[in-house]
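Trainee: Could we take a close look at one part of this model together? I'd like to start from a single charged side chain and work outwards.

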Amino acid sequence: MLHNPTGKERLALAFLLGMLAILGPLNIDMYLPSFPEIADDLSARASLVQLSLTACLIGLTIGQIIVGPVSDAKGRRKPLLICIFLFALSSLFCALSPNITTLVIARFLQGFTASAGLVLSRAIVRDVFTGRELSKFFSLLMVITAVAPMVAPMTGGAILLLPFATWHTIFHFLTLIGFILVLIIALRLKETLPPEKRIPSSIGTSVRTMGSLMKDRSFIGYALTVGFIHGGSFAYVSGTPFVYQDIYGVSPQVFSILFGINGLAIITGSFIIGRFGGIIHEKSLLRIAVITAFIATAVLLTMTIVHGPLITLVISIFIYMITIGMVLTSTFTLAMENQGHRAGSASAMLGMLPLLLGSIVSPLVGINETTAIPMGAIMFITSVIGSLAFFKLTKQKAEQQ
């Protein structure tokens, strides 16, 4: 495949990689409006339903650790085809789950297989694009990907409006998407990592590659920044279905809209990086995003403590999600620019940390179902830690520039 493709080839690649990357957001967000229904149908507490999200996030995390290095050794196309086919099967497993325990197991498998779409779409971008074109194309991919969190819960809410639909129907829909993606990949995606650029596959090699990344101060600084700031957003993902619907009394459809508009926020943040990254250094834009995330989550925590009106939560979260779009885009381009042949492993680590943290914080939000304070506190604390990681670990290089 040509480097830095243009025109129709570029747009086709953006669409295809966007389809792969949205598996994660679809997997996470589409069933959120059905959380209360799942709790009622399976006679499960809110924290147990949130545990199904945790299981998915753990699967996404572990899957990236495995799929990333494997793709560095075997190429991108074959592992992707196998994983997406298994994603379709695991989605069907979710749809047929008769109890919360089975659903949690099925969600882990669904997350594990969906991880290939996340990690390999980013690795393919690094294979194909270089320099400024890498940043520009990844911003475009982020815009496409950001539509998924906006559309996914709305789609889930719309599915639930159908007279025959239940929460099972949402997973049947994901099964169909999985099989369609398998067909598209088989017909349209070419291998992007030639044999001469592959790393021999072994556990030792994978460990050494990951170890070398851990010793890269700049890389790990960006990885921890996105890990904590983006990871903290999963407190919002798992918390708002209950906070908005049970505490503030909105319907599943209104929740879907309130949740979905934050996709516009992510698009806005990614657009800011893509539009101004060539004018203002991306480190400077990232610094602005980190500080803004801290302020937005501080306001959000305050509003949850005083039980402020819903609009104050919605606005605070919207601003926070703008910073998520900025952080996701800028940390990727800054962290990946010097990774070369270990792009798969680097991409896996960048994608792994937010999901790992998200898997930890998601069930914590349900500790007290009568208040939004746990959600606000977790988002604020993770923003503080992410800010410290940015200013401490990337400080020296940022000052040099």
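Trainee: Which residue does Arg76 form a salt bridge with, and how far apart are the closest N and O atoms?

Mentor: The partner is Asp72, and the closest N and O atoms are 2.9 Å apart. Before we go on, some ground rules: this is a predicted model, so local features need pLDDT of at least 70, side-chain atom pairs count only at pLDDT 80 or more, and totals for chains, interfaces and linings use all residues. Residues are numbered from 1 along each chain as its sequence is written, and side-chain values use heavy atoms, with hydrogens and water left out.

Now, a salt bridge here is a side-chain nitrogen of Lys or Arg within 4 Å of a carboxyl oxygen of Asp or Glu. Side chains of opposite charge can pair when their charged atoms come close. Searching the whole structure turns up 2 salt bridges. Arg76 has a second one, with Asp127, at 2.8 Å from N to O. That pair links distant parts of the chain: Arg76 sits in the loop between α4 and α5 (77-95), while Asp127 belongs to helix α6, 51 residues apart. Helix labels come from DSSP runs (H or I, at least four residues; strands are E, at least two), numbered from the N terminus. Through shared partners, Asp72, Arg76 and Asp127 are joined into one network.

How covered are these three? Arg76 counts as buried because its relative accessible area is 1%; the cut-offs are under 20% for buried, over 50% for exposed and partly exposed in between, with a 1.4 Å probe and protein chains only. Asp72 is also at 1%, so it is buried. Asp127 has 11%, and so it is buried as well.

Next, helix α4. Leu57 is located in α4 and is buried, with a relative accessible area of 0%. As a long-range reference, the C-alpha atoms of Leu57 and Ser284 are 30 Å apart, with their positions 227 residues apart in sequence. The surface has its own feature: Ile58, Ile62, Ile65, Ile66 and Val70 make up a nonpolar patch with about 330 Å² of accessible area together. Patches take residues with over 30% relative accessible area and no salt bridge; like charges are joined within 9 Å, and nonpolar side chains (Val, Leu, Ile, Met, Phe, Trp, Tyr) within 5 Å. The areas are Shrake-Rupley values with a 1.4 Å probe, and for residues only the protein chains shown count as cover. Val70, one of the patch members, is in helix α4 and is partly exposed at 31%. In the loop between α3 (35-41) and α4 you'll find Ser43, which has a positive phi near 55° in spite of not being glycine. Ser43 is exposed, at 69% relative accessibility.

Over in α5, two residues are worth a look. Phe87 is found in that helix and is buried at 0%; its C-alpha lies 6.3 Å from that of Gly178, 91 residues away along the chain. Leu89, also placed in α5, is partly exposed at 38%, and its C-alpha is separated by 9.7 Å from that of Thr113, 24 residues along.

Finally, the empty space. Rolling a probe the size of a water molecule over the atoms shows where empty space is left. A cavity, on a 1 Å grid over the protein atoms alone, is a set of points where a 1.4 Å probe fits but cannot get out, and lining residues have an atom within 4 Å of a point. There are 2 cavities of 30 Å³ or more. The largest one has a volume of about 630 Å³, where volume is the space filled by probe spheres set on the points, and points are joined across faces, edges and corners. Its lining has 35 residues, with Pro25, Leu118, Thr145, His230 and Leu328 nearest the centre. Elements giving two or more residues to that lining include α4 (46-74) and α6 (100-128). By type, the lining splits into 23 nonpolar, 10 polar and 2 charged. Here Ala, Val, Leu, Ile, Met, Phe, Trp, Tyr, Cys and Pro are nonpolar, Asp, Glu, Lys and Arg charged, and the others, Gly among them, polar.

Technical notes. On a 1 Å grid over the protein atoms alone, a cavity is a set of points where a 1.4 Å probe fits but cannot get out, and a pocket is an open set with protein on both sides within 12 Å along at least five of seven lines; lining residues have an atom within 4 Å of a point.
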